[in-house]
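Visitor: Could you take me closely through one part of this model, namely the aromatic ring pairs and the residues that take part in them? I would like the geometry together with the surroundings of each ring.

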Amino acid sequence: MRRVRYESRGGPLFAEEAPLPTPGPGELLVRAEAIGVTLPVVRKVTEAAEPVPLGGEIAGQVTAVGEGVTAFGTGDRVTGLCFGHGYAEFAVLHETMASPVPRDASAVDAVALVRSGLVALGALEAARPEPGEAALVTAAASGVGHLAVQLARTRGAGRVVGAVSDPGKADFVRRLGADHVISYGDASWGTPVDYVLDAVGGELLTRALHALVPEGRLVAYSSGGGAIQAYDLLVGAKSVIGFQTARIARGRPELYEQWREELWRLFTAGELRPAVHGEFALEDAAKAHAEIEGRSNLGKVVLIP
């Protein structure tokens, strides 16, 4: 089978022939039909001291199961998070990280919707939104952000503001349902909002915090880090909440599954529309990473084996 890997920090990425993996206890072997490209995986290539397997979101058909698997069988269509080599024609998923793909959804739909949607929906839940409140979503055109904009609207947001790195993304974000679109470098971010879902971090955290009304909530789910001055919290009685989907998946699997069902329900009802920026062959994984690094994507970037 073909898979993508790299041998030194920063790459380059290259495709190679590799042995077909064997599923262990509790694992599924999946013939991948679509693979999601995410910023955390891109950052592993550029920042990790040693090369690591390129894991991530995959969707496809189960071709073999390991000992003890009860939830899935060969022929089932699944999507899930792979912690090993996921940039490959075949990948191993643990059954606890897999979920079924509805008959009327494609593999591309699945990788564009489920993992990114779980992050977006989880971050929104962490903000404890009330109907009529105003929301601001940073990285609003990203794989997660473009779903967060739509989810905020489905949860009754009275006003949704999308924040983007490039004004050229504004029309795309408005079509998702945003009332207003701002750029990070704008002198003013407009009328303050009740909660912010922040996927950027770094220096943008301070601006995001200042965009809140008194007692507003900022949910930080970025892997980019960043720091906030305690005084900026005290003066407006504001809150910062950290969110990570892995903690929900490990500690509250029933909630994780509830969220997955909600995403598919909204998708089936036409209320949640995952957007795909581009589809790339495995051999073009470096080009896919460049789209993410350059912040040029409008929606999800996908590899097709």
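Guide: What follows is a look at the aromatic pairs, with a short turn to two further residues at the end. The model is a predicted one, and in it the count comes to 2 aromatic pairs. A pair of aromatic rings is described by the distance of the centres and the angle of the planes, and both quantities are given below.

Phe-243 and Trp-259 form one of these pairs, with 6.2 Å from centre to centre and 50 degrees between the planes. Because planes under 30 degrees apart count as stacked and those over 60 as edge-to-face, with the rest as tilted, this pair is classed as tilted. Phe-243 belongs to the loop between strand S13 (239–242) and helix H7 (245–251), while Trp-259 sits in helix H8 (residues 253–268), so the pair ties together parts that are 16 residues apart in sequence. As for accessibility, Phe-243 has a relative value of 12% and counts as buried, and Trp-259, at 6%, counts as buried too.

Trp-264 and Phe-267 form an aromatic pair as well, in this case edge-to-face, with the centres 5.5 Å apart and 85 degrees between the planes. Trp-264 and Phe-267 are both in helix H8, 3 residues apart, which means that about one helical turn separates them. Since the limit for a buried residue is under 20% relative accessible area, Trp-264 falls on the buried side at 10%, and Phe-267 is likewise counted as buried at 17%.

Beyond the rings, two other residues can be placed by their contacts. Glu-291 is part of helix H9 (residues 285–293) and is partly exposed, its relative accessible area being 22%. Leaving aside residues up to four places away in sequence, Glu-291 touches His-277, Phe-280, Ser-296, Asn-297 and Val-301. For His-277, the separation from Glu-291 is 14 residues in sequence and 9.1 Å in space, taken from C-alpha to C-alpha.

Thr-38, in turn, is located in the loop between strand S3 (27–37) and helix H1 (39–47), and with a relative accessible area of 17% Thr-38 is buried. When residues up to four places away in sequence are not counted, Thr-38 touches Glu-57 and Lys-300.

Methods: Residues numbered from 1 in each chain as written. Predicted model: local features only at pLDDT ≥ 70, side-chain atom pairs only at ≥ 80, totals over all residues. Heavy atoms only, no water. Phe/Tyr/Trp six-rings, centres within 6.5 Å; stacked < 30°, edge-to-face > 60°. Helix = DSSP H or I, 4+ residues; strand = E, 2+ residues; numbered from the N terminus. Buried < 20%, exposed > 50% of the residue type's maximum accessible area, 1.4 Å probe, protein only. Contact = heavy atoms within 4.5 Å.
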